[in-house]
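Reader: I am new to this structure and should be grateful for a close look at a single part of it. Please explain the terms as they arise.

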Amino acid sequence: MAEVAAARGEYRYLLNGEPAAVSETWRLRGSPEGECQIASERAAHGVVIEVEAHLSAARVTWFEATWREEGARAVHALYVLRDNAVMVSRRQGDDTLEEKEIPVHHMDSPPLLFPLMRIFTGPLIAGLLDRGGRGAVILPYIVDPAAAARLLEPQVTQRQARVLERQVLQMPDGSEALARCCEYSGDQYGIDSRFWLGEDNLLLRYQWRQDAARSWDVWQVAGAGDQAPASLTGSKPCLAC
């Protein structure tokens, strides 16, 4: 696979308008055929989530996720999208927690895999829009970290998305970006959640009220010294093809 693009960046989290103790970075490598390898890591409150994923035609075809927490053995999971099923394998150390096959032949269209991290949210929303605004999404469970036996187990959910308007978004570095402002809902996300996708379907910003006391505002920040690669700016777009 001829490599033609490389990029990196991070998402900066604001909680109730103040910087939050969350670090989330990503790295991307792409090819002229629309293939991508993406690695991302999120660290917050003693927990680190690591993900490596492969995208083809802007859809995740497989990913590996690892949950690391201080004082506990790491949990690992592998998700692979096949023609008729999603294969899931989970382990903790040398112990196998789960080997599961999720049939997909009964679904209206193949499910979208979501590997948890913000860098994958844009392609996910774009995939839902391409399917009429709704569809099945399969993602690992991390809702309750105390439920250690369930960490990274597969959840099959229904998500919805629609474009509200096109806007010129003022980015944190002072630049401007043309974006689609989208409503994205399902599970913890209500219809008041807002997600801004760039022309390459990169998630630029999102706003989400977790509860009455917590409101999140998260921004994409380009990696220092990086030049935006062709795969993210429209020439053979890795995330938008």
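Author: The following account deals with a run of strands, the rings and charges, and two cysteines.

This is a predicted model, in which local features need pLDDT of at least 70 and side-chain atom pairs count only at pLDDT 80 or more, while totals for chains, interfaces and linings use all residues. Residues are numbered from 1 along each chain as its sequence is written, and side-chain values use heavy atoms, with hydrogens and water left out.

Strands here are DSSP runs of E of at least two residues, numbered from the N terminus, and two strands pair if DSSP finds at least two bridges between them. Strand S13 comprises residues 194–198 and strand S14 residues 203–211; the two run antiparallel and are joined by four bridges. Within this pairing, Arg194 stands opposite Gln207 of S14. S13 and S14 form a hairpin with four residues between them, and Asn201 in the turn has a positive phi of about 70°. S14 is also joined to strand S15, residues 214–222, by six bridges, again in an antiparallel arrangement. Here Arg209 faces Ser215 of S15 as its opposite residue, and two residues lie between S14 and S15 in their hairpin.

Aromatic rings come next. Rings of Phe, Tyr and Trp (its six-membered ring) pair if their centres lie within 6.5 Å; planes under 30 degrees apart count as stacked, over 60 as edge-to-face and the rest as tilted. The whole structure contains seven aromatic pairs by this search. One of them joins Tyr184 and Tyr189, a tilted pair with 5.5 Å from centre to centre and 35° between the planes. Both tyrosines, Tyr184 and Tyr189, are buried, a term for under 20% relative accessible area, with exposed meaning over 50% and partly exposed in between (1.4 Å probe, protein chains only). Ring pairs link Tyr184 and Tyr189 with Phe195, Tyr206 and Trp208 into a cluster.

A charge sits over a ring if NZ of Lys or CZ of Arg is within 6 Å of the ring centre and within 35 degrees of the ring normal. Arg205 lies over the face of Trp196, 5.0 Å from the ring centre. Arg150 places its charged end over the ring of Tyr141, at 3.8 Å from the centre.

Finally, a disulfide is a pair of cysteine sulfur atoms within 2.5 Å, and the count by this rule is zero. The sulfur of Cys181 has its closest cysteine sulfur in Cys182, but the 6.8 Å between them is too far for a bond. Cys181 is buried at a relative accessible area of 4%, and Cys182 is buried at 0%.
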